[in-house]
Amino acid sequence: VLLKGLAPTCAGYGVEGALKFGVYEVLKPLFAQMSPNKMLNMLAASVVAGAVASVVLCPAEEVRIVQVSNPDYCDGGTVATLRKLAREKGALASFEGMPAMCAKQVPYTMGKQVSFDVCCACVRGLFDWGCHVSKAESLRPALDRLVPCVAALPAAVLACLMSHPGDMVLTAYYNGGGGSVVAAVRKLVAEGGMPALFRGLRARLLHVISIIWVQLVVYDKVKQVLGLPATGH
C-alpha cells in the first residue's frame, strides 16, 4: 500500500531530472549568443528547463495521484493507467495541471540551477583568493573538488524556499480536483493567509535539501566526465 504510485513517481522525476539539467546546459550557450548578460541567460535557460520539466511531470503526477486515491486505478501499471486516463478524459487532459506544475517547477529550477552556478563561482573565487594569499597553490586541486560540495548547500536551501509556495499551490490544485492556479492560491490564502503558502517548509527543508545536494554534486561531476567545464567557470 505504501508503494502505490511509486512507479510513475520514479519514471516521471527520473526523466524530468535528466531533461531539466540537459535543457539548461544546452540553452545557456544558445542564449549567450543573444545577450551578453550571463545572469539573464542563466535565468532564461532555467525558466525554459523548468517548463520542459513540467510537461513531463504532469502525466506522471496525475497517474500517481489516481493510483493512490482511486481504487479503480490501483491494479494497473503506469502505462495502463495513463492509457485509461487518456481514453476517459482525452489525450491532453493530463496537461490541465500544467500552470500549477509550472508554479512549482520554474521557481525550483531557477533556484537550483542558477544559484548553484552563482554559488560555485563565488566559492571558487574565494578558494582561489585564499590559495593566492596563503601561497598554498598545492591545495588548489583539492579545493576545486570541494567547490560543488560547498556551493550545493545554499543552492539547495534557496531552491526549497523559492519553490515551496508553488509546491503548496500544486498540492491544493490536485487536492481540489483541478480548477485553476488562482483558485488554489485563493483557497490557501483564505485558509491561513500568506503564511499558508509556507506551511510545512521546515519539514520540506529537512527532506529535500539532502536530495538536492546530492543531485547537484553528481550533476557537476557528470558534466566534467562529459567534457563540460565545472560549474561556475
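No disulfides are present in this structure, which is a predicted model. The cysteines are a pleasant place to begin. Cys 120 takes part in no disulfide, and the nearest cysteine sulfur, belonging to Cys 119, lies 7.3 Å away. A disulfide would call for a pair of cysteine sulfur atoms within 2.5 Å. With a relative accessibility of 0%, Cys 120 is classed as buried. Cys 149 is likewise in no disulfide, its nearest cysteine sulfur being that of Cys 120 at 9.4 Å. Cys 149 has a relative accessibility of 26% and is therefore counted as partly exposed.

Attention now turns to the empty space around the helices. Rolling a probe the size of a water molecule over the atoms reveals where such space remains. The largest pocket encloses about 690 Å³. Its lining comprises 24 residues, and those nearest the centre of the pocket are Tyr 13, Lys 104, Asp 167, His 207 and Val 208. Several helices contribute to this lining: α1 (6-32), α2 (38-69), α4 (98-134), α5 (140-175) and α7 (201-225) each provide at least two residues. Sorted by class, the lining of the largest pocket contains nine nonpolar, eight charged and seven polar residues.

The second largest pocket has a volume of about 310 Å³. Here 17 residues form the lining, with Glu 25, Lys 28, Lys 38, Asp 117 and His 233 lying nearest the centre of the pocket. At least two lining residues come from each of α1, α2 and α4, and α1 makes the greatest contribution to the second largest pocket, with four residues. The class composition of this second lining is eight nonpolar, five charged and four polar residues. Helices α1, α2 and α4 thus appear among the contributors to the largest pocket and also supply the second largest pocket.

Helix α3 offers a neat check on geometry. This helix covers residues 78-89, and its 12 residues should span 16 Å at 1.5 Å a residue. The expected span is 1.5 Å times one less than the number of residues. The C-alpha atoms at the two ends of α3 are 16 Å apart, so the expected span and the modelled one agree. Directly beyond the helix, the backbone offers one further detail: Gly 90 follows α3 and has a positive phi, near 105°.

Methods:
Residues are numbered from 1 along each chain as its sequence is written. This is a predicted model: local features need pLDDT of at least 70, side-chain atom pairs count only at pLDDT 80 or more; totals for chains, interfaces and linings use all residues. Side-chain values use heavy atoms; hydrogens and water are left out. On a 1 Å grid over the protein atoms alone, a cavity is a set of points where a 1.4 Å probe fits but cannot get out, and a pocket is an open set with protein on both sides within 12 Å along at least five of seven lines; lining residues have an atom within 4 Å of a point. Grid points are joined across faces, edges and corners, and a volume is the space filled by probe spheres set on the points. Ala, Val, Leu, Ile, Met, Phe, Trp, Tyr, Cys and Pro count as nonpolar, Asp, Glu, Lys and Arg as charged, and the others, Gly among them, as polar. Buried means under 20% relative accessible area, exposed over 50%, partly exposed in between (1.4 Å probe, protein chains only).
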